[in-house]
Amino acid sequence: MAEKSVLLLYAHPSPHRSEINQPMFEAACRVNGVTAIDLYGEYPRLNIDIDREQQRLVDHDVVIFQFPLYWYSTPSILKEWQDLVLEYNFAYGSEGTALHGKRFLCALTAGAGEEAYHTDGYNHFPLNELLRPLEQTANLTGMEWLPPFVLFGARTAADDGRLDVHRSQWQSLLEQLTSGSLEPGNLGEFCTLNQYLEGAQSTGGEAL
Amino acid sequence: MTEYFLQAFIYLVAAVITVPIAKRLGLGSVLGYLIAGVVIGPVTGLVGAETNTIQHFAEFGVVMMLFLVGLELEPKVLWEMRNRLIGLGGLQVSITTVAIGAIALALGQVWSVSLAIGLIFALSSTAIVLQTFSEKGVSKTEGAQNAFSVLLFQDIAVIPMLAFIPLLALPELVEAAQALAQSADHHESMSLVAGLPGWAYALVIIGAIIGLVVGGHFLTRPLLTFVASSGLREIFTATALMLVVGIAALMSLVGLSPALGTFLAGVVLANSEFRHELESNIEPFKGLLLGLFFITVGAGINFGILSDNLWAILGLTLGVMALKGVVLYFLARLFKISGSDRWLFTLSLAQAGEFGFVLLSFSVQNHVLPTELAQTLSLVVALSMLLTPALFILYDKVILPRFEDRSNEGQPDEIEEMGTVIIAGMGRFGQIVNRMLVGIGVNTVVLDYQAGQVDNLRKINTRAYFGDATKPDLLHTAGIAECELLVVAIDNQDAAVELVEYVKHTYPNVAVLARAFDRGHGYRLRQAGADVIQSETYCSALEIGTAAMRKLGCHPFVAEQQKNSFKRIDAEQSDILYKAWLADTEEGERFDTHYRDLFMQLEEQIKTAMNTDRVDRHSLSDRGWTPPPKGYTDALKDKED
């Protein structure tokens with residue numbers, strides 16, 4: 001259970017309207033061992049500093065993309081970040097081993113309810129299918145893909161009173177990641193980290 | 001031959017030594033030339049009687065100057081200034097003539113002599129005044145524009161004066177001249193119009209002017225195009241000279257002022273595409289000839305007559321200037337020229353001019369003035385020209401500051417509201433900052449020490465206050481203690497640095513955002529503690545640079561990336577340079593060789609960084625979106641296996 005350093009890359013183009021992501025980001029800023037980066041805040045002109053971002057990756061063990069799901073993908077700055085930072089011979093290629101062995105996960109909010117992300121739902125694909133490009137990016141760069149931490153139906157979450165649970169799970173997730181107590185081996189077949197965290201709460205930490 | 005070389009050398013040496021010194025001392029080049037002339041003429045006696053001949057030759061500089069003035073003046077502009085030209089100029093010439101003539105009459109001269117003197121002193125020095133205006137960069141001010149109208153009218157008025165003065169001939173002088181076989185009058189020796197009846201003379205003049213305008217408009221263009229296409233620079237220069245000299249010759253032949261002719265030609269060519277080419281070709285000739293002209297004026301000062309009648313001549317000079325000044329001041333009031341412009345107008349035109357010399361010698365030739373009187377008067381003209389730079393200095397050092405102060409002294413405005421942001425300086429720069437902040441609902445307090453500017457801003461509902469932002473008590477009432485930001489956008493560089501220093505020292509919690517004039521100013525602001533510094537022209541220059549890259553065929557997005565890398569590298573280097581500058585400053589030297597070497601070295605780095613591929617074939621500026629090498633997928637497959 002070696003302590004791990006977490007790099008949180010947060011992308012929200014209108015943080016002043018954010019009900020969930022911004023508080024989550026602010027909470028993450030206060031967790032020891034988490035380096036929380038507001039990408040839009042740091043690069044308002046999208047001119048990402050490649051050297052700085054690569055150094056950050058090298059310095060951390062866990063990488064989190066935190067974002068609201070936009071058109072089944074990340075907001076554009078995160079794509080820009082991937083295009084620029086995950087360079088040949090840094091993240092992939094014959095000498096590109098800088099990310100090997102790191103863990104990677106997405107913490108996202110989705111507008112539609114969970115039932116929409118289903119073959120029969122109006123989004124037609126389960127969320128994990130939609131996140132395949134990111135999963136494969138993790139694979140190719142030698143990072144270990146963890147299931148996403150998701151808040152479905154984010155627009156109504158506050159009204160439905162679902163925020164408190166989500167926030168405490170977020171807090172707990174970050175703590176487990178930094179302490180190293182979250183072992184990928186324990187995740188089994190969970191589709192989301194939410195299920196794992198719920199399971200951990202209800203069954204006293206035992207994975208299903 | 002040797003003699004010519006020696007003379008030319010003496011004139012040139014005198015000019016080369018005196019003019020830069022005079023300029024450095026803030027006296028202006030005209031006074032420099034005049035002093036050079038005094039030194040080589042009356043003081044050391046290096047040059048002698050030939051100055052008179054040279055002066056006639058050098059008067060051609062005035063002709064060239066009017067050609068250049070015409071080039072700057074499109075016909076439309078000339079038409080727009082017709083009221084001032086005729087009203088202001090006409091009144092100045094007539095009132096001054098009458099006033100000076102009356103005084104001459106009162107001093108015991110005959111009426112015809114008095115009138116001639118009045119005419120001669122009504123003129124001012126186009127050469128000195130325009131030269132000084134452009135050197136001081138005030139050509140566009142209202143005062144200078146009006147002075148220009150008057151000068152233009154005077155230059156035109158010389159023509160009828162030349163026609164009129166012979167009518168004033170004194171019978172006894174004519175008789176004396178007849179005894180001398182009437183040989184002095186060479187002025188009409190070369191003339192197409194000598195002996196023509198009045199109506200034919202008028203026809204010739206009208207024909208010449210029409211020929212000039214029509215020919216200038218239709219013939220010069222094909223000619224210049226033809227010459228330019230030959231690609232021979234010196235032939236173009238020759239053509240330009242030929243035009244000016246030819247027009248001057250034509251005008252002299254028909255008895256018109258060459259200066260007026262070339263001026264008209266200049267106006268005709270003002271719209272032509274060759275305007276700047278012509279300007280740059282004639283300009284050096286004009287400068288040298290005018291310089292020569294002023295040297296001869298200085299050299300021609302007859303210290304003998306001067307020392308004999310020192311007080312009389314001094315008195316006359318000051319009297320003439322004072323009188324002209326009073327008339328000008330009165331006219332300026334009449335034409336609603338106000339503030340410092342009125343004084344610029346008054347002081348700049350108070351001297352007599354180079355046409356005064358021309359008219360004086362012409363009057364003597366035509367037996368209007370006795371020679372001794374003409375010599376005295378020519379001293380008065382020269383002295384008044386010599387004193388003109390002093391009047392400009394008076395304007396610069398005494399009058400201008402007083403006006404700046406008067407409009408800016410007063411009590412600072414009462415500031416009613418506190419803002420979260422104080423903006424010091426409301427020029428073009430501060431205004432944009434303010435509009436942006438006000439646009440998103442930020443409370444700003446705007447300070448400017450130019451009352452007129454504040455008035456204008458108030459008219460468009462900007463909350464602007466009049467007052468000097470560099471004064472601590474005004475800053476305090478503006479709420480500096482409670483505000484979050486201070487934006488420094490004042491023009492005075494030193495005052496800006498002091499303001500930053502004061503605020504960062506007294507109110508360390510207030511963030512200071514400062515506009516820098518250039519790199520050096522930026523360093524000083526940084527040293528003073530400004531939090532954000534932006535060079536005023538940097539961003540627009542980057543945009544133009546990027547636009548240039550695009551125009552050269554660079555893909556817009558690539559151009560944008562190049563701009564960003566330039567900006568990044570420049571910012572990094574700026575730090576290094578700042579430290580070098582700091583070290584130099586502490587040693588008491590700014591921008592010394594160490595700094596310069598470093599600057600050039602870094603400039604080299606920018607080139608390398610923007611052009612050369614890195615070892616791994618990713619060029620630094622083009623790093624983003626560089627595709628992986630061809631065949632890289634093979635390696636990926638291998639790994640999978």
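Let's start with B:Trp343, which has 27% relative accessibility and so counts as partly exposed. Keep in mind that this is a predicted model. Now, which residue does B:Trp343 pair with through its ring? The partner is B:Tyr329: the ring centres are 5.2 Å apart, and with the planes at 50° the pair is tilted. B:Tyr329 comes out at 25% relative accessibility, so this residue is partly exposed too.

Where do these two residues sit? B:Tyr329 belongs to helix 17 of chain B, residues 310-334, while B:Trp343 belongs to helix 18 of chain B, residues 339-348. The pair therefore ties together parts that are 14 residues apart in sequence. And there is a third player here: B:Arg342 lies over the face of B:Tyr329, 5.2 Å from the ring centre.

Staying with rings for a moment, there are 16 aromatic pairs over all chains of the structure. Another tilted one is B:Tyr523 with B:Trp581, at 5.4 Å centre to centre and 45° between the planes. This pair links distant parts of the chain, 58 residues apart. B:Tyr523 is in helix 25 of chain B, residues 519-528, and B:Trp581 is in helix 27 of chain B, residues 556-586. Are these two buried or exposed? Both B:Tyr523 and B:Trp581 are buried.

If you'd like a further charge over a ring, look at B:Arg515: its charged end sits over the ring of B:Phe429, 5.0 Å from the centre.

Let's move on to helix packing in chain B. For orientation, the chain has 29 helices and six strands, and 46% of its 641 residues count as buried. Among contacts in chain B with a separation of 6 or more, 73% are between residues 24 or more positions apart.

The packing I'd like to show you is helix 13, residues 233-253, against helix 15, residues 275-299, both of chain B. Their axes are 9 Å apart, at an angle of about 75°. An angle of 65 to 115 degrees counts as roughly perpendicular, and these two helices are therefore roughly perpendicular to each other. On the helix 13 side, the contact includes B:Arg233, B:Phe236, B:Leu241 and B:Val244; on the helix 15 side, B:Glu277, B:Ile282 and B:Phe285 are among the residues involved. By class, this contact has eight nonpolar, two polar and two charged residues.

B:Val244 turns up again when we look at B:Thr262, since the two are in contact. B:Thr262 is in helix 14 of chain B, residues 258-269, and with a relative accessible area of 0% this threonine is buried. Beyond its neighbours within four places in sequence, B:Thr262 also touches B:Val63, B:Leu66, B:Phe67, B:Ile247 and B:Ala248.

Finally, a quick visit to chain A. At what angle do helix 3, residues 50-59, and helix 4, residues 76-85, cross? Roughly 90°, with the axes coming within 10 Å, and that makes helix 3 of chain A roughly perpendicular to helix 4 of chain A. Helix 3 brings A:Ile50, A:Glu53, A:Gln54 and A:Leu57 to the contact, and helix 4 brings A:Trp81, A:Leu84 and A:Val85. Sorted by class, we have five nonpolar, one polar and one charged.

I'll close on A:Trp81, because it takes us back to rings: A:Trp81 forms one aromatic cluster with A:Phe65, A:Phe104 and A:Trp145.

Technical notes. Residues numbered from 1 in each chain as written. Chains lettered and ligands numbered in written order. Predicted model: local features only at pLDDT ≥ 70, side-chain atom pairs only at ≥ 80, totals over all residues. Heavy atoms only, no water. Axes fitted to C-alpha atoms, helices over the stretch in contact; angles between N-to-C directions. Helix = DSSP H or I, 4+ residues; strand = E, 2+ residues; numbered from the N terminus. Parallel < 35°, antiparallel > 145°, perpendicular 65-115°, else oblique. Contact = heavy atoms within 4.5 Å. Nonpolar A, V, L, I, M, F, W, Y, C, P; charged D, E, K, R; others polar. Phe/Tyr/Trp six-rings, centres within 6.5 Å; stacked < 30°, edge-to-face > 60°. Buried < 20%, exposed > 50% of the residue type's maximum accessible area, 1.4 Å probe, protein only. Lys NZ or Arg CZ within 6 Å of the ring centre and 35° of its normal.
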